[in-house]
Amino acid sequence: MSAEQPLYTPFFGVMGATAAMVFSSLGAAYGTAKSGTGIAAMAVMRPELIMKSVIPVVMAGIIAIYGLVVAALIANEIKPDSYTLFKSFVHLGAGLSVGLSGLAAGFAIGIVGDSGVRGTAQQPRLFVGMILILIFAEVLGLYGLIVALILSTK
């Protein structure tokens with residue numbers, strides 16, 4: 001650590017990496033669990049639709065990958081000698097950006113996935129609409145990833 005930087009400087013960068021991983025994983029877990037219960041309920045009556053209905057679970061899992069990418073980028077830049085307080089605050093912002101947007105996207109994917117697979121079991125024409133809404137929910141996490149990547153390169 002350089003002499004002009006406070007001792008606690010790396011803390012904020014590490015918290016950014018932690019926030020990226022924890023919040024995006026919470027969103028992915030919620031989306032997976034909520035969609036999974038919908039798939040299980042739907043599969044009782046229409047077991048042939050199980051593989052088609054796994055799409056929301058896959059999309060929820062992608063949210064966690066966004067957090068992993070940002071956490072890895074942040075962790076790779078934390079070095080004892082050249083890490084500044086400015087950089088650590090920027091990394092905290094990047095982690096919170098991808099993490100909280102991933103949390104929101106995971107919630108949206110879970111709710112849409114649950115209702116969507118149950119509805120698709122009753123009316124197959126709902127499938128395309130469900131996929132479109134899932135894409136709009138997923139892109140919320142992607143927006144957080146883009147902002148986090150821009151911030152982490154400052």
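# Helix packing and burial in a predicted model

User: Which residues of α2 are buried?

Analyst: In this predicted model, the buried residues of α2 are P56, M59, A60, I63, A64, Y66, G67, V70, A71 and I74, each of them having a relative accessible area under 20%, since that is the cut-off for the word buried.

User: What covers the buried residues of α2?

Analyst: The cover includes α1, α3 and α4. One contact that can be named belongs to A17, which lies in helix α1 and touches A71 and I74, when residues up to four places away in sequence are not counted.

User: What makes A17 count as buried, and what makes Y30 count as partly exposed?

Analyst: The relative accessibility of A17 is 13%, and the limit for buried is under 20%, so A17 is classed as buried. Y30, which also belongs to helix α1, has a relative accessibility of 30%; because the class between 20% and 50% is called partly exposed, Y30 receives that label. Y30 nevertheless has contacts with G106, F107, G110 and I111, again without counting residues up to four places away in sequence, and its C-alpha atom is separated by 9.4 Å from that of A108, 78 residues apart along the chain.

User: Why is α1 called roughly parallel to α3?

Analyst: Helix α1 (residues 9–45) and helix α3 (residues 85–122) pack at an angle of about 0°, and their axes are 7 Å apart. Angles under 35 degrees count as roughly parallel, and therefore α1 is described as roughly parallel to α3. Sorted by class, this contact of α1 with α3 holds 22 nonpolar, 17 polar and three charged residues.

User: Why are α3 and α4 roughly antiparallel to each other?

Analyst: The angle between α3 and helix α4 (residues 126–152) is about 175°, with the axes 7 Å apart. Because angles over 145 degrees count as roughly antiparallel, the pair α3 and α4 takes that description. The contact of α3 with α4 is made up of 19 nonpolar, twelve polar and two charged residues.

User: What makes α2 roughly parallel to α4, and which residues meet where α2 and α4 pack?

Analyst: The two helices α2 and α4 pack at an angle of about 5°, and their axes are 10 Å apart; the limit for roughly parallel is under 35 degrees, which means that α2 is roughly parallel to α4. Among the residues that meet are M59, I63, Y66 and E77 in α2, and F127, L134, E138 and S152 in α4. By class, the contact of α2 with α4 has 17 nonpolar, two polar and two charged residues.

User: How do you know that the span of α4 agrees with its number of residues?

Analyst: The 27 residues of α4 should span 39 Å at 1.5 Å a residue, and the end C-alpha atoms are 39 Å apart, so expectation and model agree. For helix α2 (residues 55–77), with 23 residues, the reach from the first C-alpha to the last is 34 Å, close to the 33 Å expected. The buried residues of α4, including M130, A137, G141 and A148, pack against α2 and α3.

User: Why is K79 called partly exposed, and why is A33 called partly exposed?

Analyst: K79, placed in the loop between α2 and α3, has a relative accessible area of 42%. A33, found in helix α1, has a relative accessible area of 46%. Because exposed requires over 50% and buried requires under 20%, K79 is partly exposed, and A33 is partly exposed as well. In space, K79 is 8.4 Å from P10, C-alpha to C-alpha, although they are 69 residues apart in sequence, while A33 and D114, 81 residues apart in sequence, are 9.1 Å apart by the C-alpha atoms.

User: What does the UniProt record annotate as "transmembrane region", and how much helix does the chain have over residues 54–74?

Analyst: The unreviewed UniProt entry gives this annotation to residues 12–33, 54–74, 94–114 and 126–151. Over residues 54–74 the chain is 95% helix and 0% strand, with the end C-alpha atoms 31 Å apart, and over residues 94–114 the chain is 100% helix and 0% strand, with the end C-alpha atoms 30 Å apart.

Technical notes. Residues are numbered from 1 along each chain as its sequence is written. This is a predicted model: local features need pLDDT of at least 70, side-chain atom pairs count only at pLDDT 80 or more; totals for chains, interfaces and linings use all residues. Side-chain values use heavy atoms; hydrogens and water are left out. Axes are lines fitted to C-alpha atoms, for helices over the stretch in contact, and angles run from 0 to 180 degrees between N-to-C directions. Helices (H or I, at least four residues) and strands (E, at least two) are DSSP runs, numbered from the N terminus. Angles under 35 degrees count as roughly parallel, over 145 as roughly antiparallel, 65 to 115 as roughly perpendicular and the rest as oblique. Ala, Val, Leu, Ile, Met, Phe, Trp, Tyr, Cys and Pro count as nonpolar, Asp, Glu, Lys and Arg as charged, and the others, Gly among them, as polar. The expected span of a helix is 1.5 Å times one less than its number of residues. Buried means under 20% relative accessible area, exposed over 50%, partly exposed in between (1.4 Å probe, protein chains only). Contact means heavy atoms within 4.5 Å. UniProt positions are given in the numbering used here, feature names are shortened, and annotations may be inferred rather than shown by experiment.
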